[in-house]
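Subject: Structure for you to look at

Hello,

Here is the structure I said I would pass on. My notes on it follow below.

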Amino acid sequence: MLNLIIILSVFSSLPGGLGISAGASVSSFAPVEDDYDQRFRTPGASYGIVASLDAPGPLVFHIGGEYFSKKSSTGWDGEISSMLFWAFPCAQLGVMEGFSVFGGPGIVGVNGSYSGTDDFGSYVETDGSSIGFAASVGTDIDMWGPLFARFEYRHGWMDMKSDRVKKDGTETVVYPAAETDLGYSQYIFSLNVQLSAVDD
């Protein structure tokens, strides 16, 4: 991520260059399926790094990644760990000085692992990755100098199929493949620093 920001900063110094901002985020991460609330004690919090590329005109491009994990808790002996990556081309509108709104569709990806006891008493371990899509809406609010805050809501649609898992330490073939709904919703807050301004 740092290398990407450095490279884009070079391009932004050229005529017609991009405006660039970067920051850190924290969010409330909740799966769509109600079963997850009972089994995995979700929702939980995720933490990430964000960057925005602001082209001349109404288009802004948001990219980033975040980490989500859920450890063993009362009534559940498992653990979830995942990395999410995303890219959103959004339309942005300046409502007033220091305040703008944005929204648009995007691509999301996840790579993660799960372990825990299933309904039959077996200890199951599995991992995998998937790609889906999401919608994003939010607002940017200038705070002080180059610092601004972003409030955002996202809803993602994604699923994953698994045909091999470990049960009690032994690899087992699952047939038909188990399909997991990875749909989610997020409320995200991030603090960002404007590294370079877009050329008007």
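Phe189 is in strand β10. With a relative accessible area of 31%, Phe189 counts as partly exposed, because that value falls between the 20% limit for buried and the 50% limit for exposed. Please keep in mind that this is a predicted model.

Surface patches

Phe189 belongs to a nonpolar patch on the surface, together with Val26, Tyr47, Met143, Trp144, Phe151 and Leu191. The area of this patch is about 750 Å². At least two of its residues come from β6, and at least two come from β10.

There is also a surface patch of negative charge, formed by Glu33, Asp159, Glu179 and Asp181. One of these residues, Asp159, sits in strand β8. The relative accessible area of Asp159 is 40%, so this residue is partly exposed.

Overall make-up

The protein has two helices and ten strands. Along the sequence the order is α-β-α-β-β-β-β-β-β-β-β-β. The chain has 200 residues, and 40% of them count as buried.

Strand pairing

I start with β6, which covers residues 123-144. β6 pairs with strand β5 (residues 99-117) in the antiparallel sense, over 19 bridges. Across this pairing, Thr126 in β6 stands opposite Tyr114. The two strands make a hairpin with five residues between them. In that turn, Gly121 has a positive phi of about 85 degrees.

β6 also pairs with strand β7 (residues 147-157), again antiparallel, over eleven bridges. Phe133 has Trp157 in β7 as its bridge partner. The hairpin of β6 and β7 has two residues between the strands, and Gly145 there has a positive phi near 55 degrees.

A further antiparallel pairing joins β6 to strand β8 (residues 159-167) through two bridges. Here Glu125 has Lys166 in β8 as its bridge partner.

β10 covers residues 184-196 and pairs with strand β1 (residues 19-31) over twelve bridges, in the antiparallel sense. In this pairing, Val193 of β10 stands opposite Ala22. β10 is also paired with β7, antiparallel, over ten bridges. Gln186 in β10 is the bridge partner of Arg154.

If you follow individual side chains along these strands, one general point helps: in a regular strand, side chains alternate between the two faces of the sheet.

Salt bridges

How many salt bridges does a search of the whole structure find? The count is three.

One is between the side chains of Glu66 and Arg154, at 3.6 Å from N to O. Glu66 is in strand β3 (residues 59-70) and Arg154 is in strand β7, so this salt bridge ties together parts that are 88 residues apart in sequence. Glu66 and Arg154 are both buried.

Another salt bridge joins Arg150 to Asp140, with the closest N and O atoms 2.7 Å apart. Arg150 is in strand β7 and Asp140 in strand β6, and the two are ten residues apart. Are these two residues buried or exposed? Arg150 has a relative accessibility of 5%, so Arg150 counts as buried. Asp140 is at 8%, so Asp140 counts as buried too.

There is also a salt bridge between the side chains of Glu152 and Arg154, at 3.0 Å from N to O. Glu152 has a relative accessible area of 7%, which puts it among the buried residues. For Arg154 the value is 1%, so Arg154 is buried as well.

Arg154 therefore appears in two of the entries above, with Glu66 and with Glu152. Glu66, Glu152 and Arg154 are linked in a network of salt bridges.

Where to look

If you open the model with these notes beside you, Arg154 is a convenient place to begin. Arg154 has a salt bridge to Glu66, a salt bridge to Glu152 and a bridge partner, Gln186, in β10. From β10 you can go on to Phe189 and the nonpolar patch that includes Phe189.

Regards

Terms used: Residues are numbered from 1 along each chain as its sequence is written. This is a predicted model: local features need pLDDT of at least 70, side-chain atom pairs count only at pLDDT 80 or more; totals for chains, interfaces and linings use all residues. Side-chain values use heavy atoms; hydrogens and water are left out. Two strands pair if DSSP finds at least two bridges between them. Helices (H or I, at least four residues) and strands (E, at least two) are DSSP runs, numbered from the N terminus. A salt bridge is a side-chain nitrogen of Lys or Arg within 4 Å of a carboxyl oxygen of Asp or Glu. Buried means under 20% relative accessible area, exposed over 50%, partly exposed in between (1.4 Å probe, protein chains only). Patches are made of residues with over 30% relative accessible area and no salt bridge: like charges are joined within 9 Å, nonpolar side chains (Val, Leu, Ile, Met, Phe, Trp, Tyr) within 5 Å. Accessible areas come from the Shrake-Rupley method with a 1.4 Å probe; for residues, only the protein chains shown count as cover. Lys and Arg count as positive and Asp and Glu as negative; His and the chain ends are not counted. The place of a charge is taken as NZ of Lys, CZ of Arg, CG of Asp or CD of Glu.
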